[in-house]
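Dear colleague,

I am handing over the structure below, and I would be glad if you looked through it alongside my notes on its pockets.

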Amino acid sequence: MTAAVRRFAMFAALVVAVALPFAVGPYGHFILASALVYALVALSLNILIGMAGQISIGHAGFWALGAYGAGLAVAKVGAPFWVGVLAGGALAALAGAIVALPALRVQGHYLAIATLAFALFIQQALFEWEGLTGGRQGLFVPRPTIAGFEFKEDFEYYFVLLAVVIAAIWLTGNLRRSLTGRSLAALRMSPIAAQSVGVPRSRFIVLAFTLSALLTGVSGALYAHLIGHLSTEAFSLTVSLSFLSMAVIGGLDSRAGAVLGALFLALAPELLRELKDAQMVIYGLLLILCMRFLPGGLASLLRPRT
């Protein structure tokens, strides 16, 4: 795909993204806003899995820390909206740096189990700490306010989320092309070869986890203001598995795949609502089929055939 075609495709996608909310109703605005929130998580997994080759099934923990960090900062401390978002992202990033420490010693399914344990611990801790988080009663989060303007409708908030996602897409693209991104790719392909030419594995693995957790925390913070009420049930193991499925189905090495995967995660529950408990079975089957027939995810369908 030439640079001119790529720029045209990006412009067309932006036009569609801006116009789409005008074609749907209030519930459609919520679905679209949710897709943008999920897109940030998918982009974070692009960094961790697609670039660095590190597995995680515990991103719901980072998401929860970002959501509760922002919610508490705004609802109980009285911090402005953007301060709350940054606080939630920073809290998740700190946790990401800590969770990265096992990744320096274990790999594969051992690392997956370590991240799973982290997510389960965070969910239980938030549930039990009733004095701070509200426990089973949950935590109410006010609608976002920027420069004195309150975004009361999801239609308005959608464009705030769209701006954040566009910035995140631009930043992750620059990261992939940077020396850091190339170092992460080298470590993913051959850690021994990368270290032999001076790439410090420990530093870059911790950096990958921290950046991925930061982006996921920002997503959680934005989600808190979208949903309005936080409950620990929204950050379960099922959510972590859904995030991983979203990233794989969309495409782990593609920013367009992150958006497609996010749309899938936002729309699938609505399309499969009648199946109830069988939804996870359908997700599993779709994941298996995607890995078998579309290893590059839905994003591979957008690439020209040669």
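**Pockets in the predicted model**

In this model, which is predicted rather than experimental, the largest pocket has a volume of about 1,400 Å³. Its lining is made up of 34 residues, and those closest to the centre of the pocket are Met10, Ala13, Ile169, Arg255 and Ala256. Four helices, namely α1 (3-19), α2 (26-51), α7 (154-177) and α12 (255-271), each supply at least two residues of this lining, and α7 gives the most, with 9 residues. When the lining of the largest pocket is divided by residue class, 26 of its residues are nonpolar, 2 are polar and 6 are charged.

The second largest pocket has a volume of about 550 Å³. It is lined by 22 residues, of which Tyr38, Val239, Leu265, Pro269 and Tyr283 are the closest to its centre. Two or more residues of the lining of this second pocket come from each of α2, α10 (201-227), α11 (237-250), α12 and α13 (279-293), with the largest share, 5 residues, coming from α2. By class, the lining of the second largest pocket holds 15 nonpolar, 4 polar and 3 charged residues.

If you go through the helices in the viewer, α2 and α12 deserve a look in both places: each supplies at least two residues to the lining of the largest pocket, and each also gives two or more residues to the lining of the second largest pocket.

With best wishes

Technical notes
Residues numbered from 1 in each chain as written. Predicted model: local features only at pLDDT ≥ 70, side-chain atom pairs only at ≥ 80, totals over all residues. Heavy atoms only, no water. 1 Å grid on protein atoms, 1.4 Å probe; cavity = no way out; pocket = protein on both sides within 12 Å on 5 of 7 lines; lining within 4 Å. Points joined across faces, edges and corners; volume = space filled by probe spheres on them. Nonpolar A, V, L, I, M, F, W, Y, C, P; charged D, E, K, R; others polar.
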